[in-house]
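I opened a fresh notebook page for this one and wrote down what I looked up, step by step. Please follow along with the structure beside you.

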Amino acid sequence: MKLLALLCMLSSCYLATAQNANTSNGVDTLLHKYLPAIRTTEKIVIDGDISDAAWRKAAVADQFVEWRPSFGQPENPLNKTEIRILYNNEAIYISGFCHEQSNDSIAKELVGRDMIGVNDFVGIMFDTYNDKINGFGYYITPLGEQFDAKYSNSGEDPNWNSVYESAAKIVSGGWVFEMKIPYAAIRFSKKNVQEWGINITRKRSKIGKQYMWNPVNPAVNGFFTQFGLWTGIANIKPPIRLSFSPYFSLYGNSSPSVTNNQQLFSSSVSGGMDVKYGINQAMTLDMTLIPDFGQVQSDNRVLNLTPFEVKYNENRSFFTEGTELFGKGNLFYSRRIGGEPIHYGDVNNQTTSTEKILSNPSESKLINATKLSGRTAKGLGIGVFNAITKAQQAVIENESTKQKRLYETEPLTNYNIFVLDQTLKHNSSVSFINTNVLRNGTDYDANVSAALWDLYDKKNNYNFGGKVATSMLRGVNGDGKHENGYSHSIYFGKSSGRFNFNVYQDLVDHRYNQNDMGYLTNNNFFDHGIWAAYRWLKPSKWYNRFTINGNMWYSMRYFPRSYQNFGININTNGQLKNLWFVGGSVNYNASEQDFYEPRIQGYVFKRPQNVNGGIWIETNSANKYSASAQYYVTAMSQWGSLAHNIGFTNQYRFNTKFTLSTNSTLDFRHNNVGFATIYNTNDVIDSIVFAKRHRTTIENIVNLKYNFTNKMGLNCRVRHYWSVVNNQSYFKLQSSGKLENIADINRDVNQNLNLFNVDFVYTWQFALGSFVNVVWKNAIFGFDSNISNTYFNNLGNVLAQPQSNSVSIRVIYFLDYLNLHKKS
């Protein structure tokens with residue numbers, strides 16, 4: 001009844017704010033503009049000169065409307081935007097004039113491809129199937145740098161890449177540009193006459209304003225549902241989409257020996273190829289043959305004191321480009337592929353007293369990977385992913401006889417995903433996804449299937465969705481039997497207007513497991529929660545927009561059923577008139593039964609209640625100097641626990657080419673209580689030991705960027721991470737979940753970790769889609785129990801440690817079948 005009353009209250013709030021939902025500042029928010037498609041037979045050279053005769057016959061998109069911060073305001077005529085669009089049998093052509101009263105108002109910076117930085121930009125977005133959900137975006141900055149993205153109901157995928165031509169110039173009274181988007185860079189149907197959704201956006205960074213050709217009301221749910229239409233596109237045919245990107249790599253490596261302090265040197269030569277083939281107008285096959293990921297950015301490794309696995313970002317381009325379908329249901333964590341072998345940690349238990357480990361690879365080797373994805377004219381998205389990793393072995397040597405033997409840590413493994421995603425009316429969709437892992441030999445296999453739905457009402461105001469998933473581990477216990485698990489999520493909410501809410505339920509049983517190809521910190525929970533937010537979208541005297549939202553949740557263990565935790569959270573954030581962003585939050589976490597911190601099933605740690613709060617601020621990033629800062633504090637009355645988290649960033653742009661930025665995080669935890677170690681007697685648990693400790697963590701990242709041109713640049717990223725754990729006193733975890741004081745333990749569980757990384761990258765795009773990359777990677781690792789040194793002593797000590805270095809050169813050349821066919 002209480003929940004029903006709350007929903008009634010929420011609905012009444014909605015009715016009070018819905019009257020003006022379809023108009024703002026006199027603008028009809030349901031307006032759909034039309035732009036006629038004009039075919040051209042004249043030659044257009046993409047050089048940034050918009051005086052070509054063909055442009056005089058083009059349809060013009062103008063009269064832009066402010067999107068943010070003040071939705072609905074017409075564009076200032078003195079700073080107007082004029083976009084012209086043409087097409088022919090092979091491409092779409094776009095030109096534009098972005099007027100400025102003074103060219104000093106143009107925000108410009110060389111940042112490299114697929115990055116916006118502080119730049120002004122213009123972007124054109126196409127919904128080629130006019131399904132109101134999916135689309136493609138092509139952007140350009142005043143200095144001619146490109147950014148492209150793919151859109152779906154999962155959001156924006158900035159890692160998707162296409163190959164298109166563009167040029168821009170800064171001229172008297174503003175800046176101009178031209179684009180040529182070949183049909184090979186976009187997906188569309190075979191219909192003789194087509195109508196595409198279209199919108200065009202312009203950002204003017206220095207004044208913090210962004211405009212849309214067709215109005216997009218931020219109070220109305222749905223982005224592509226508020227597009228205009230490009231009409232009368234006639235007799236265009238999807239071309240043969242076939243391209244090859246062969247690569248050639250040279251590596252020189254040095255690393256410290258695991259048996260002595262000597263440096264080991266090695267070199268390698270490798271080559272491979274990425275292939276992209278359009279099977280039909282909708283489906284695209286992507287393959288990477290003999291992949292090479294040696295130049296990806298180093299991971300931000302940390303000292304993990306939690307019972308859960310650290311989730312790292314994916315930096316390998318093949319696993320980030322065009323993968324929005326495979327992310328459905330959050331079942332795919334691509335770092336599983338080529339990740340740590342499943343028996344990596346078992347090697348120590350496989351050696352005798354006379355043996356030592358010579359090598360134990362921490363990553364599996366990827367043989368090849370394939371993606372097949374696309375969407376039909378009826379809105380059915382289809383995705384198939386497959387990858388194969390080779391078997392990995394650790395090398396163990398008998399110290400007396402010098403005889404070597406192999407221990408398999410990972411069998412030959414096949415990873416597969418199959419996805420169906422059907423778009424429906426009113427921004428709705430239903431999906432099915434299956435992930436499957438097959439291992440050679442006696443190791444277990446894994447399979448997870450899920451059905452998803454995301455449904456909106458006709459006015460796009462209310463949303464009902466969810467997911468039902470099952471998992472099956474075949475032979476996980478070595479007895480050939482299966483272990484089946486179940487999970488579901490259900491939610492209902494209001495997604496349009498200034499007031500929004502969402503009510504949800506999440507259930508994951510104690511046997512559900514998606515971690516062979518996905519990521520889940522833990523199973524065995526049954527959660528309920530509610531989220532509500534109110535947005536002030538019309539600028540006032542001191543802010544441009546402002547939001548306040550609150551969360552409340554209650555979590556239980558699923559089996560056996562028992563209370564876990566309860567919490568309340570209130571957040572607020574907004575943009576001020578000076579274009580600064582500010583925000584803050586307050587949290588209350590009730591007393592908790594933590595079933596995971598003890599590390600052993602069947603035990604519980606009763607964590608006392610705590611409160612947390614903090615604020616953050618971010619200055620206008622379009623200024624020459626910009627900064628951000630945050631401060632959060634957590635307090636727990638029992639044990640006198642107090643934690644401070646401080647973060648700040650600085651960025652200074654010396655000119656359009658050179659930028660220096662820093663990112664620092666300081667985390668101080670005083671009298672923090674958590675798991676320390678386990679005492680075993682004859683493999684029987686004697687006691688689980690907790691510790692009250694002081695922990696200090698400091699991370700500093702320095703990034704230097706210098707771009708020579710819009711196709712050539714240098715980037716250097718330096719990171720030092722230091723975390724020290726100083727245990728003060730110890731406790732024995734009792735069966736009741738409480739802690740009992742004990743004397744000092746006879747083992748050292750203090751920890752001191754230092755990590756130092758350098759990633760230096762030179763990139764040159766010497767031809768369309770073709771690159772030369774030169775990379776130097778440096779890595780230093782230091783771990784001990786010395787807790788007496790200061791931060792700078794630790795930095796000096798880690799720099800004196802043995803280092804791993806890698807220098808590599810990689811050349812990628814883009815070959816397009818259509819261009820090769822024309823030349824031949």
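**Looking for enclosed space**

I searched the whole structure, a predicted model, for cavities of 30 Å³ or more and found one. Its volume came out at about 40 Å³.

Next I asked which residues line this largest cavity. I listed Thr435, Val437, Ala446, Asn447, Val448, Asn513, Gln514, Asp516, Met517 and Gly518. Two elements, β26 (429-439) and β27 (445-456), each give two or more residues to that lining. The largest share, three residues, belongs to β27.

How many of the lining residues are nonpolar, polar or charged? I noted four nonpolar, five polar and one charged.

**Checking confidence**

I then turned to how far the model can be trusted. The chain has a mean pLDDT of 92, and 96% of its residues reach 70 or more. Residues 1-21 are another matter: there the pLDDT is below 50. Beyond near neighbours in sequence, I found 17 contacts for this stretch in the model. I left its details alone, because predicted coordinates should not be read in detail where pLDDT is low.

**Following a sheet**

In which order do the strands of the five-stranded open sheet run? I traced β4-β6-β7-β13-β12, with antiparallel pairing. At the edges I found β4 (59-61) and β12 (165-171), each of which pairs on one side only. From one strand to the next, the twist averages 15°.

I looked more closely at one pair inside this sheet. Strand β7 (residues 91-99) meets strand β13 (residues 174-182) in the antiparallel sense, and I counted nine bridges between the two. For isoleucine 92, the bridge partner in β13 is isoleucine 181.

**Backbone oddities**

Where do cis peptide bonds turn up? I noted one between arginine 68 and proline 69, with omega about 10°. To place proline 69, I looked along the chain and found this residue in the loop between β5 (65-68) and β6 (81-87).

I noted another cis peptide bond between phenylalanine 559 and proline 560, where omega is about -15°. Proline 560 also sits in a loop, here between β32 (543-557) and β33 (562-576).

Last, I looked up phi for asparagine 130. This residue is not a glycine, yet its phi is positive, at about 50°. I placed asparagine 130 in the loop that lies between β8 (121-127) and β9 (135-140).

Technical notes. Residues numbered from 1 in each chain as written. Predicted model: local features only at pLDDT ≥ 70, side-chain atom pairs only at ≥ 80, totals over all residues. Heavy atoms only, no water. pLDDT = per-residue confidence, 0-100. Contact = heavy atoms within 4.5 Å. 1 Å grid on protein atoms, 1.4 Å probe; cavity = no way out; pocket = protein on both sides within 12 Å on 5 of 7 lines; lining within 4 Å. Points joined across faces, edges and corners; volume = space filled by probe spheres on them. Helix = DSSP H or I, 4+ residues; strand = E, 2+ residues; numbered from the N terminus. Nonpolar A, V, L, I, M, F, W, Y, C, P; charged D, E, K, R; others polar. Pairing = 2+ DSSP bridges. Axes fitted to C-alpha atoms, helices over the stretch in contact; angles between N-to-C directions.
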